[in-house]
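Hi,

Here is the structure I promised to pass on. Have a look at it first, and then read on for what turned up when I went through it.

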Amino acid sequence: ALSPQELDAACAAAVRGGAAFVKSSTGFHPAGGATADAVRRMRAAVGPEVGVKAAGGIRTAAQALALLAAGANRLGTSSTVGLAGILGGSAPALSELLAR
């Protein structure tokens with residue numbers, strides 16, 4: 001829902017405010033959930049010291065891996081059990097990996 005400039009400004013404000021993480025979305029907006037482009041932009045805006053959580057609409061292993069490659073270091077998904085099976089791990093082990 002934010003323009004690229006608004007996203008940059010929101011991330012900058014979060015960093016100035018001492019945030020440990022910024023989060024992409026909830027997935028409830030009609031525009032959808034996390035995108036690799038948004039995560040890349042957020043990572044660039046906050047640098048390496050602040051975490052980036054990608055959330056909303058992550059239902060496949062390909063989406064999860066793309067978001068991690070784009071700079072997310074945490075994922076929020078309600079599909080952990082399904083993703084664990086696809087990635088060949090257990091749901092608790094995958095949850096721990098995704099929470100790093």
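**What I found**

The chain has 100 residues, and 31% of them count as buried. Keep in mind as you read that this is a predicted model.

Let's start with the overall layout. The chain holds 5 helices and 3 strands, and going along the sequence they come in the pattern α-β-α-β-α-β-α-α. If you look at contacts with a separation of 6 or more, 49% of them are between residues 24 or more positions apart.

Next, the inside. The largest nonpolar core is made of 16 residues, and V39, A54, L67 and L75 have the most contacts inside it. Four elements each give at least two residues to this core: α1, α2, β2 (51–55) and α3 (61–70). V39 is a good place to click if you want to see who it meets: setting aside its neighbours within four places in sequence, V39 is in contact with V52, A54, L67, A70, G71 and A72.

Two of those partners, L67 and A70, turn up again in α3, where A61, A64, L67 and A70 are buried. Another partner, G71, sits just after α3 and takes a positive phi of about 130°.

Now for the charged pairs. How many salt bridges does the structure hold? There are 2 of them.

- One joins the side chains of R41 and D8, at 2.8 Å from N to O. This pair ties together distant parts of the chain, with R41 in helix α2 and D8 in helix α1, 33 residues apart. R41 has 33% relative accessibility, so it counts as partly exposed. D8 is also classed as partly exposed, because its relative accessibility is 28%.
- The other is between D37 and R40, whose closest N and O atoms are 2.8 Å apart. Here the partners are 3 residues apart in helix α2, so about one helical turn separates them. Is D37 buried or exposed? With 55% relative accessibility, D37 counts as exposed, since the cut-off for that class is over 50%. R40 comes out at 43% relative accessibility and therefore counts as partly exposed.

Last, the pockets. The largest pocket encloses about 410 Å³ of space. It is lined by 21 residues, and those closest to its centre are A1, L2, L7, S24 and A38. Which helices each supply at least two residues of that lining? They are α1 (4–16) and α2 (36–46), and α2 gives the most, with 4 residues. By type, the lining of the largest pocket splits into 9 nonpolar, 9 polar and 3 charged residues.

The second largest pocket has a volume of about 170 Å³. Its lining has 11 residues, with T26, G56, G57, R59 and S78 closest to the centre. What is the make-up of this lining, in nonpolar, polar and charged residues? The residues divide into 2 nonpolar, 8 polar and 1 charged.

If you only have a few minutes, I'd begin with helix α2. This helix supplies at least two residues of the nonpolar core, gives the most to the lining of the largest pocket, and holds both D37 and R40 as well as R41, the partner of D8.

Happy to go through any of this with you.

Cheers

Definitions and conventions. Residues are numbered from 1 along each chain as its sequence is written. This is a predicted model: local features need pLDDT of at least 70, side-chain atom pairs count only at pLDDT 80 or more; totals for chains, interfaces and linings use all residues. Side-chain values use heavy atoms; hydrogens and water are left out. On a 1 Å grid over the protein atoms alone, a cavity is a set of points where a 1.4 Å probe fits but cannot get out, and a pocket is an open set with protein on both sides within 12 Å along at least five of seven lines; lining residues have an atom within 4 Å of a point. Grid points are joined across faces, edges and corners, and a volume is the space filled by probe spheres set on the points. Ala, Val, Leu, Ile, Met, Phe, Trp, Tyr, Cys and Pro count as nonpolar, Asp, Glu, Lys and Arg as charged, and the others, Gly among them, as polar. A nonpolar core is a set of buried Ala, Val, Leu, Ile, Met, Phe, Trp, Tyr and Cys residues joined through side-chain atoms within 4.5 Å. Buried means under 20% relative accessible area, exposed over 50%, partly exposed in between (1.4 Å probe, protein chains only). Contact means heavy atoms within 4.5 Å. A salt bridge is a side-chain nitrogen of Lys or Arg within 4 Å of a carboxyl oxygen of Asp or Glu.
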